[in-house]
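Hi,

Here's the structure I promised to pass along. Have a look at it first, and my notes follow underneath.

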Amino acid sequence: MKLTIVQFFIISLLLTSSLFMLSTADSSPCDGKCNVRCSKAGRQDRCLKYCNICCEKCNYCVPSGTYGNKDECPCYRDMKNSKGQPKCP
């Protein structure tokens, strides 16, 4: 009985640690760039969502700074939403 409990504990520990490693390995190069870009945004959750979408579609290009500088990434600058307005923050 004690052996079964120990085995269960070891298996659950291994599964938990492997899930943690997978979640940290999935971090994108966009995460850090978008965190900087959206650091002063009023709605950070929305800014981060669209910044990450734009970053991935534009080969990980995000303009420097928290506002402007969109000429650094033409793809990011030219992406539009369904209303024809700029999609990327």
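One bit of vocabulary before the rest: angles under 35 degrees count as roughly parallel, over 145 as roughly antiparallel, 65 to 115 as roughly perpendicular, and whatever remains is called oblique. Keep in mind, too, that this is a predicted model.

Now to the helix pair I looked at. The axes of α2 (residues 29–37) and α3 (residues 44–57) cross at roughly 135° and come within 9 Å. α2 and α3 are therefore oblique to each other, and the crossing of α2 past α3 is right-handed. On the α2 side, the residues involved are C30, D31, C34, N35 and R37, and they meet L48, C51, N52, C55 and E56 of α3. By character, the residues of that contact split into five nonpolar, three charged and two polar.

Then there's the core. The largest nonpolar one has 13 residues, and C34, C51, V62 and Y76 are the members that touch the most others. At least two of the core residues come from α2, and at least two from α3; α3 gives the largest share, with four.

V62 is worth a click in your viewer. Leaving out residues up to four places away in sequence, V62 touches K33, C34, R37, C51, C55, C73 and Y76.

As for the whole chain, it has four helices and zero strands, so to speak an α-α-α-α pattern when read along the sequence. Of its 89 residues, 19% are buried. Among contacts with a separation of 6 or more, 40% join residues 24 or more positions apart.

Cheers

Terms used
Residues numbered from 1 in each chain as written. Predicted model: local features only at pLDDT ≥ 70, side-chain atom pairs only at ≥ 80, totals over all residues. Heavy atoms only, no water. Axes fitted to C-alpha atoms, helices over the stretch in contact; angles between N-to-C directions. Left-handed = near helix turned anticlockwise from the far one by under 90°. Contact = heavy atoms within 4.5 Å. Nonpolar A, V, L, I, M, F, W, Y, C, P; charged D, E, K, R; others polar. Core = buried A, V, L, I, M, F, W, Y, C linked by side-chain atoms within 4.5 Å. Buried < 20%, exposed > 50% of the residue type's maximum accessible area, 1.4 Å probe, protein only.
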